[in-house]
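This report looks at how one protein chain is folded, with attention to its sheet and its nonpolar cores.

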Amino acid sequence: MVKRPSKPLLQHQDTSLRGRPRRRRDPAQPSLPFDPMPDRIEPCLALLKQKPPIGDRWAFEVKWDGYRIAVHLDHGKVRILTRGGHDWTDRFPAIAEAARNLVVEMAILDGEAVVLDEQGRSDFGALQQSLGGRGGKKTSDASVLMVFDLLYFDGHSLLNTELSVRRHLLEGIIPNGPEGAIRLSEEVEANGAALLAAACEHGLEGIIAKDKDSPYRSGRGGDWVKIKCIQSDTFAVVGYEHSLSARGGIGALLLAARKDGNLVYVGSVGTGFKEAAVWKLREQLDKLVTKKPAVNYSGRRKDVIWVRPRLFAEIEYRAWTHDGKLRHASYKGLRDAADVADVYEIG
C-alpha cells in the first residue's frame, strides 16, 4: 500500500505562496428552492493554455494527475462515477467510506482520484497499478480524492452558482488537514506565473486557473484553464515495434493523434515501461493485431506489428519536431475506457 504523505505541497520559503484562508460557513445563508439530485453531471474540463491568465478574477490550484470522478452522497448512500459515467464505487472503498463520514446528507463532489508519492505529488502510474491497469478490477485503498468543486448541496443544485460561492460551501464540508481519503484541493494565493514556476520546481504536472465568477458549465468552455510544466497528453496506440531484446518484446509503441477527424502518426515512445505492467500491455496489444494500419506510415522502423486503435496511452513529452512528431516521449500508462480521455487533437 502506498503511504499517504503528510507534507503539504509547495511548502516554500516564499511566503507569497500559501493556501487561501478558509471562511466559516454562514448558517444564516438564504434558502434556495429544492432541486432533485441529478443522476450524473458532465464534468467541466480545463482548456490547455501556454501561460497562466492574469487578473483578480482567477483562482489557482495544483493540477492533479489521476482519474476524474464525481462522488454522489445521498443520506449515507454513495456512488462514485468516472468521467464516462461508469460506477466505480467498489473500486475506491476508502474514498466511499470517507464520503459517508462527511457532515452532509446530500452532495455531489467533483474531484480527481490520485495516488500520492512521499512528496505529495500525484503519480498516474501508481494509480494505474493500484487499480490493476487498464481494464483491471482491483480496488484501490491507496487512492485519495482531491476534491475541488461542489455541484449539489443538501437539495440544491449549485451549477448556476458562481465558483467562489461553491468553494465557500465546499470548505465547510471537507475536513481540514493533509490526511484522509478525501481532501480539499486548496486554492493558492499567488501570481499565476510564480505559482507555475513553483509547481514545476517541485516536480508537479502544472496548475489550474478558474474563473471565480463562473457557473459550472460542462465541457471545455474556457472557464477553467490548465497550464502544464511538462506536456502530457493522451494518444492512440496504433502499433508496436517488436524487439527480442526489450522487456515484453515491445521496442516502442507507435502513436497517433486526431486531425480533421482522422488518426495521424505522431511518432513513437520507447521509454517509461515498467516491468510489472509491460507483459500485460503486450497481451492487450496482441489481441488487437491487424494487417491494415490505422494511419499512413512511411517510417523506417522494422518489425512493426499494427493494432486496432483501441488502447489510449498517456504520454509525457517535451516538444514537437518540425515534422509533427513527439520529442523525448515517455510512457506513463494506459487510460481506462471509463475515463473517456480525449485523444490529442492537432489544430
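The text below moves from overall composition to a sheet, the helices that lie across it, and the cores.

The model is a predicted one, and its protein chain contains five helices and 19 strands. Buried residues account for 50% of the 347 residues, while the chain exposes about 17,100 Å², of which carbon and sulfur atoms supply 49%. Among contacts with a separation of 6 or more, 72% come from residues 24 or more positions apart.

An open sheet of five strands follows the order E15-E14-E13-E16-E19 with antiparallel pairing, and its edge strands, E15 (262-269) and E19 (330-335), each pair on one side only. Neighbouring strands of this sheet are turned against each other by 45° on average, direction ignored. Strand E16 (residues 304-317) is joined to E19 by five bridges, and Glu 314 has Gly 333 in E19 as its bridge partner.

Two helices lie across strands of this sheet, as tabulated here.

| Helix | Lies across | Angle |
|---|---|---|
| H2 | E16 and E19 | about 40° to E19 |
| H5 (residues 275-286) | E13, E14, E16 and E19 | about 60° to E14 |

In soluble globular proteins, nonpolar side chains tend to be buried together. Here the largest nonpolar core has 36 residues, and Val 71, Phe 92, Ile 95, Leu 150, Ile 174 and Ile 182 touch the most other members. Elements that each supply at least two residues of this core include strand E4 (67-74), helix H1 (93-100) and helix H2 (124-131). Apart from this core lies another, of 23 residues, among them Ile 250, Ala 257, Ala 313 and Leu 326.

Note on methods. Residues are numbered from 1 along each chain as its sequence is written. This is a predicted model: local features need pLDDT of at least 70, side-chain atom pairs count only at pLDDT 80 or more; totals for chains, interfaces and linings use all residues. Side-chain values use heavy atoms; hydrogens and water are left out. A nonpolar core is a set of buried Ala, Val, Leu, Ile, Met, Phe, Trp, Tyr and Cys residues joined through side-chain atoms within 4.5 Å. Buried means under 20% relative accessible area, exposed over 50%, partly exposed in between (1.4 Å probe, protein chains only). Helices (H or I, at least four residues) and strands (E, at least two) are DSSP runs, numbered from the N terminus. Contact means heavy atoms within 4.5 Å. Accessible areas come from the Shrake-Rupley method with a 1.4 Å probe; for residues, only the protein chains shown count as cover. Two strands pair if DSSP finds at least two bridges between them. Axes are lines fitted to C-alpha atoms, for helices over the stretch in contact, and angles run from 0 to 180 degrees between N-to-C directions.
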